[in-house]
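The following note sets out several points for a colleague's consideration. They concern overall fold, core, surface and cysteines.

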Amino acid sequence: MYEGNNKVALLSQQLIADALLKLLESNTYTSISISDICKEASVSRQTFYSLFGTKDSVMIYQLSNSCCYTPEHKKQECRKTGFREFCREYSQYIIRNRHTIELLVRNDMIHFLYDMQYQAFMECEHFIHDIYGDDRQFLIDFIAGGMSSIAKNYILTDSSADEEFLADLMFRLFSGSYIDD
């Protein structure tokens, strides 16, 4: 995937990503061809392959640039806030990105969201910063998986739950309050 700073290439990348999302509105992910994406974006196949290489790379690009909760963007808050605040912010994220998450769920692609969340949490030096090694990796895997599942079920249940309900639900699930003795 292209990661340079050429303005024409960056514009083409965004056109391709936007084209894929537009096509997902009325088609399934598996039925969309690279030719369809190129036609919708008005770019050549050569441009597509030089910028992305695969359709999956386009999804990863789109999610990482516009639909991934990244605690790193809030360094100060990330350092100070507790898990309850994280749950509140993630519930806002789910509600704000409902449409894109719905496209992922409808196309059985929620794994892309999990992958992006896992990577973003691992790269944030302030997220779960006091746990190290394998413990941190497994904990972040658990959190990314759980948050992705909550987002998926929010869509599947056609929930109209508000931010507070979602945040409280997440906090109770992850704190283990449903399984207390």
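1. Contact here means heavy atoms within 4.5 Å. On that basis, in this predicted model, residues 24 or more positions apart account for 67% of the chain's contacts with a separation of 6 or more.

2. As to secondary structure, the chain contains 10 helices and zero strands. Read from the N terminus, the order of elements is α-α-α-α-α-α-α-α-α-α. Along the principal axes, the C-alpha atoms occupy a box of roughly 60 × 35 × 25 Å.

3. The chain has 181 residues, of which 43% are buried. Its exposed area is about 10200 Å², with carbon and sulfur atoms supplying 51% of that area.

4. The largest nonpolar core comprises 55 residues, and within this core Tyr-90 and Ile-94 touch the most other members. Beyond its neighbours within four places in sequence, Ile-94 contacts Ile-101, Ile-150, Ala-151, Tyr-154, Leu-166 and Met-170.

5. On the surface, Leu-173, Tyr-178 and Ile-179 form a nonpolar patch of about 340 Å². Ile-179 lies in the segment after α10 (163–175). This residue counts as exposed because its relative accessibility is 71%, and exposed means over 50%.

6. The cysteines merit a separate remark. The structure holds zero disulfides. Cys-38 has a relative accessible area of 4% and is therefore buried, the cut-off being under 20%. Cys-124, at 0% relative accessibility, likewise counts as buried.

Technical notes: Residues are numbered from 1 along each chain as its sequence is written. This is a predicted model: local features need pLDDT of at least 70, side-chain atom pairs count only at pLDDT 80 or more; totals for chains, interfaces and linings use all residues. Side-chain values use heavy atoms; hydrogens and water are left out. A nonpolar core is a set of buried Ala, Val, Leu, Ile, Met, Phe, Trp, Tyr and Cys residues joined through side-chain atoms within 4.5 Å. Buried means under 20% relative accessible area, exposed over 50%, partly exposed in between (1.4 Å probe, protein chains only). Patches are made of residues with over 30% relative accessible area and no salt bridge: like charges are joined within 9 Å, nonpolar side chains (Val, Leu, Ile, Met, Phe, Trp, Tyr) within 5 Å. Accessible areas come from the Shrake-Rupley method with a 1.4 Å probe; for residues, only the protein chains shown count as cover. A salt bridge is a side-chain nitrogen of Lys or Arg within 4 Å of a carboxyl oxygen of Asp or Glu. Helices (H or I, at least four residues) and strands (E, at least two) are DSSP runs, numbered from the N terminus. A disulfide is a pair of cysteine sulfur atoms within 2.5 Å.
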